[in-house]
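The exercises below ask you to read features of a protein model step by step. Try each task before you read its solution.

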Amino acid sequence: MSGADILVILGGVTAIAWVNWYFLVAGRQVSRAAVGTGGLQEIRIRVAGGYDPAHVQVRRGPVRLIFDRQETSGCSEEVVLPDLGIRRYLPAHEETVIEFTPEHAGRYEFTCGMSMLRGSVTVVEDTAS
């Protein structure tokens with residue numbers, strides 16, 4: 001094996017590691033939804049090469065996600081919340097509101113239509129009396 005072969009292999013391994021880190025690990029900060037009138041929890045999610053924030057925490061109760069799509073990439077033109085039976089088209093450069101009331105605490109994934117862009121809504125029990 002020549003030096004060039006080793007460099008190509010190392011470059012490929014580095015590229016694979018970066019792609020896995022970018023799609024599976026990077027940007028794992030959790031944002032909490034703001035609580036508005038009537039206990040409605042609302043959070044705005046920017047869609048541009050991914051979801052920002054990609055991970056949202058809410059309490060049990062009504063939730064409003066506002067997806068603000070700031071691109072024309074075909075991958076991000078749809079958002080899917082499979083556990084909630086929601087699939088919605090996201091027009092480019094527009095906001096799309098999705099409302100739901102989760103019945104159980106837990107983690108609910110959302111993805112683009114091709115499952116390349118990923119995010120989640122984590123529902124926690126309300127511990128306030």
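**Exercise 1. In which strand is H55 placed, and is H55 buried or exposed?**

Solution. Step 1: H55 has its place in strand β5. Keep in mind that this is a predicted model.
Step 2: the relative accessible area of H55 is 6%. A residue is called buried under 20%, so H55 is buried.
Step 3: look at the side chain. H55 and S120 are joined through their side chains by a polar contact of 2.8 Å.

**Exercise 2. State how many helices and strands the protein chain has, and in what order they come.**

Solution. Step 1: the protein chain has 1 helix and 11 strands.
Step 2: along the sequence the pattern reads α-β-β-β-β-β-β-β-β-β-β-β.
Step 3: consider the contacts in the protein chain with a separation of 6 or more; residues 24 or more positions apart account for 50% of them.
Step 4: of the 129 residues in the protein chain, 33% are buried. The exposed area of the protein chain is about 7800 Å², and carbon and sulfur atoms supply 55% of that area.

**Exercise 3. Which residues make the nonpolar surface patch of about 650 Å²?**

Solution. Step 1: the patch is made by M1, I6, L7, I9, L10 and V13.
Step 2: place one of these residues. L10 is found in helix α1, which covers residues 3-24.

**Exercise 4. Describe how strand β10 pairs with strands β7 and β11.**

Solution. Step 1: β10 spans residues 106-112 and pairs with β7, residues 78-81, in the antiparallel sense over 2 bridges. On this side, V80 stands opposite T111.
Step 2: β10 is also joined to β11, residues 118-124, by 6 bridges, and these two strands run antiparallel. Here the bridge partner of T111 is R118.
Step 3: T111 of β10 therefore has V80 opposite it and R118 in β11 as a bridge partner.
Step 4: β10 and β11 form a hairpin, with 5 residues between them.
Step 5: a salt bridge links the side chains of R118 and E109, at 3.5 Å from N to O. R118 is partly exposed at 39% relative accessibility, and E109 is partly exposed at 26%.

**Exercise 5. Find what is notable about the backbone at P53, H93 and S115.**

Solution. Step 1: the peptide bond between D52 and P53 is cis, with omega about 0 degrees. P53 is in the loop between β4 and β5.
Step 2: H93 is not a glycine, yet its phi is positive, about 60 degrees. H93 sits in the loop between β8 and β9. The cut-off for exposed is over 50%, so H93, at 51% relative accessibility, counts as exposed.
Step 3: S115 is not a glycine either, and its phi is positive, about 60 degrees. S115 lies in the loop between β10 and β11, and its relative accessible area of 35% makes it partly exposed.

**Exercise 6. What does R44 touch, and with which residue does R44 form a salt bridge?**

Solution. Step 1: R44 lies in strand β3, residues 41-47, and is partly exposed, with a relative accessible area of 42%.
Step 2: leaving out residues up to four places away in sequence, R44 touches D52, P53, I66, D68 and E95.
Step 3: the C-alpha atoms of R44 and F67 are separated by 6.0 Å, although the two residues are 23 residues apart along the chain.
Step 4: side chains of opposite charge can pair when their charged atoms come close. The salt bridge of R44 is with E95, where the closest N and O atoms are 2.4 Å apart. R44 is in strand β3 and E95 in strand β9, so the pair ties together parts that are 51 residues apart in sequence. E95 is partly exposed, at 46%.

**Exercise 7. How many salt bridges does a search of the whole structure find, and which strands does the pair R64 and E42 tie together?**

Solution. Step 1: the search finds 7 salt bridges.
Step 2: in one of them, R64 and E42 have their closest N and O atoms 2.9 Å apart. R64 lies in strand β6 and E42 in strand β3, so the pair ties together parts that are 22 residues apart in sequence.
Step 3: both residues are partly exposed, R64 at 23% and E42 at 32%.

Key: Residues numbered from 1 in each chain as written. Predicted model: local features only at pLDDT ≥ 70, side-chain atom pairs only at ≥ 80, totals over all residues. Heavy atoms only, no water. Patch = residues over 30% accessible without salt bridge, like charges linked within 9 Å, V, L, I, M, F, W, Y side chains within 5 Å. Areas by Shrake-Rupley, 256 points an atom, 1.4 Å probe, with all protein chains shown as cover. Salt bridge = Lys/Arg side-chain N within 4 Å of Asp/Glu carboxyl O. Helix = DSSP H or I, 4+ residues; strand = E, 2+ residues; numbered from the N terminus. Buried < 20%, exposed > 50% of the residue type's maximum accessible area, 1.4 Å probe, protein only. Contact = heavy atoms within 4.5 Å. Pairing = 2+ DSSP bridges. Polar contact = N/O pair within 3.5 Å; in protein donor to acceptor, adjacent residues only side chain to side chain.
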